[in-house]
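Thanks, everyone, for making the time this morning. I would like to walk you through one model, beginning with its ligand surroundings and ending with a sheet, so please have the structure open as I talk.

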Amino acid sequence: MSKKYDVVVIGAGPAGYIAAIRAAQHGFKVACIDEWQNRDGKYAFGGTCLNAGCIPSKAMLESSELYHRANHEFKKHGIVTGEVSLDVGAMQKRRAGIVRQLTGGIGGLFKANKVDGLVGHGKLLAGKKVEFTPVDGDPEILDATHVVLASGSAPIELPFAQFDQETILDSWDALELEAVPKRLGVIGAGVIGLELGSVWARLGSEVIILEALEDFLAMADRDVAATAMKDFKKQGLDIRLGAKVSETSVKDGVVSVSYEDKSGSQTVDFDKLIVAVGRRPYTEKLLADDSGIRKDERGFIVVDDVCRTEVKGVYAIGDCVRGPMLAHKGSEEGVMVADLIAGESAEVNYEIVPSVIYTAPEVAWVGMTEAEVKASGRAYKTGSFPFAASGRAKAMEQTTGMVKVISAEDDDELLGVHIVGPMAGELISEAVLALEFAASTEDIQRTIHAHPSLAEAVHEAALAVDKRALNYINR
Ligand code: FAD
Ligand code: AMP
């Protein structure tokens, strides 16, 4: 006899577990299946984000930033320490502890919401049946009225730089290193490459990041990208643009990396190499041949704008479908499909998905870049405010960067906000909310911002759009 569920979710990453909880809140009988196994052999909910992505990377970014500041900034504050030393083992233990607590928390949330969290493999068969194979048992069939596919993504492997978990690493390995490599190479100056490069550079590695494109952070606003690049260089991150890696070879624990740039062929040796050239949708053994689900040429499950697949009653969300590979995008899709299943109207506003890079300074943006607005043909105005003029930033000793606001000339509509600087990832939330409410720049100008706060920089940048900045000379 097969077990019956209203909703079966395959994948308990930030897309799947949120979809499961929201569906249970609607009163449905829900199962959520996941097979993630950590390197210690333990199974855990939470997917890439909690186990090998967002959370452990932020834990390591925080630890490495504190170490860096203790070495380079404490003196300025009048704090005198002896020599500051590093215990990478303890740092890694803290990282693993945070991951354990948060992934265990999902188990608790499932229980409280009466979601059946099932540990094992899920496969969609024809007719909305799901074959569930427990990690230590025989397959059973779950009969589902609705299925949500949330199988996530995996790192892209370069054929000439295959992961060996020893010298050539993916982002997960790179987060769990037990010692600081002397020479560290990173292929790809995207979000993940920059974050991981920053962690190990702050802990003492000589880091070289090789990026095939000529433009740095091509998806970001040019002013923000230029400011970030200048600061990363100052920190000693050697970011080589227009450097296309074409070959690697490993000998005696040293990896030689060959790349082409404007001046020809180059080779550089590293003790470890992180390959961070993007991620691909992960759908291995997820779909029976007759499931009816179609994938596009890049392997993404084909869905419409509300995440319905071509099979009625089957949805797909998160990294395994189109759109930015971000946890918060997947979670919002999870909420949307659960609400749709409950018969409510729901949508995700894909125009307003914030992007954050958790380097120091942080980089965050939402809405259109200046180049995109220009290309749209709409007349626009911009304003910016440097953190160097912010009292709070000065008190924090973090004055790098600025806030840039872009607004429409005709009706003052807020079009984009771009930040590089301290806590940019927190500050961007105000802009996300403003865009969600279709705010005008004047709405932000007339909103009271606490003093002294970093958020005042957003306020002042909005004022600067109309040359009304109060704490900075308008240009
Ligand atoms: P996943 O988190 O990948 O979860 C999918 C789950 O499904 C996995 O647990 C997998 O085991 C399970 N699964 C797959 N197939 C099956 C099956 N057939 N049966 C059972 N289980 C299955 N995003 C951000 O928004 N902010 C960040 O700061 C950020 N930092 C990142 C840092 C790194 C180093 C990396 C690698 C990623 C980062 N991301 C970040 C991206 C983020 O992790 C992903 O966008 C997010 O995890 C996608 O969520 P998901 O639920 O779609 O998939
Ligand atoms: P993202 O997709 O944001 O994670 O970034 C991955 C980055 O890796 C992109 O900017 C790519 O241009 C870069 N990249 C991909 N392949 C190579 C390569 N062979 N050599 C150098 N950079 C690469």
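Let me begin with the shell around ligand 1, whose residues divide into 17 nonpolar, 15 polar and five charged. Please keep in mind throughout that this is a predicted model. In total, 37 residues surround ligand 1, and the closest of them are D34, T48, K58, G122 and A327.

Which atoms make the polar contacts here? In the side chain of K58, an N or O atom is 2.7 Å from an oxygen atom of ligand 1, while at A327 a backbone N or O atom lies 2.8 Å from an oxygen atom of that ligand. For H328, the side chain has an N or O atom 3.4 Å from an oxygen atom of ligand 1. As for the area, ligand 1 taken alone exposes 990 Å², and the protein buries 95% of that.

If you want to find these residues by element, those giving two or more residues to the shell around ligand 1 are β2 (30–34), α2 (47–52), α3 (54–72), β3 (115–124) and α8 (327–341). The largest share, four residues, comes from α2.

Now please turn to ligand 2, which has 14 residues around it, with G188, E211, A212, A243 and V245 coming nearest. A polar side-chain atom of E211 lies 2.6 Å from an oxygen atom of ligand 2. Two backbone contacts can be listed beside that one: a backbone N or O atom of A212 lies 3.0 Å from a nitrogen atom of the ligand, and for V245 a backbone N or O atom likewise lies 3.0 Å from a nitrogen atom of ligand 2. Taken alone, ligand 2 exposes 510 Å², of which the protein buries 73%. By class, the shell around ligand 2 has nine nonpolar, three polar and two charged residues.

My last topic is the sheet, and the question I would put to you is this: in what order do its five strands run? The order in this open sheet is β7-β14-β8-β9-β10, with parallel pairing. The edge strands, each pairing on one side only, are β7 (168–169) and β10 (238–240). Between β7 and strand β14 (residues 272–275), which run parallel, there are two bridges, and the bridge partner of L169 in β14 is I274. Packed on the sheet is helix α6 (residues 191–202), which touches β8 (183–187), β9 (206–210), β10 and β14, and the direction of α6 makes about 165 degrees with that of β9.

Methods
Residues are numbered from 1 along each chain as its sequence is written. Chains are lettered from A and ligands numbered from 1 in the order in which they are written. This is a predicted model: local features need pLDDT of at least 70, side-chain atom pairs count only at pLDDT 80 or more; totals for chains, interfaces and linings use all residues. Side-chain values use heavy atoms; hydrogens and water are left out. Two strands pair if DSSP finds at least two bridges between them. Contact means heavy atoms within 4.5 Å. Axes are lines fitted to C-alpha atoms, for helices over the stretch in contact, and angles run from 0 to 180 degrees between N-to-C directions. A residue is near a molecule or strand if one of its heavy atoms lies within 4 Å of it. A polar contact is a pair of N or O atoms within 3.5 Å; within protein, one must be able to donate a hydrogen and the other to accept it, and residues adjacent in sequence count only if both atoms are side-chain atoms. Accessible areas come from the Shrake-Rupley method with a 1.4 Å probe; for residues, only the protein chains shown count as cover. Ala, Val, Leu, Ile, Met, Phe, Trp, Tyr, Cys and Pro count as nonpolar, Asp, Glu, Lys and Arg as charged, and the others, Gly among them, as polar.
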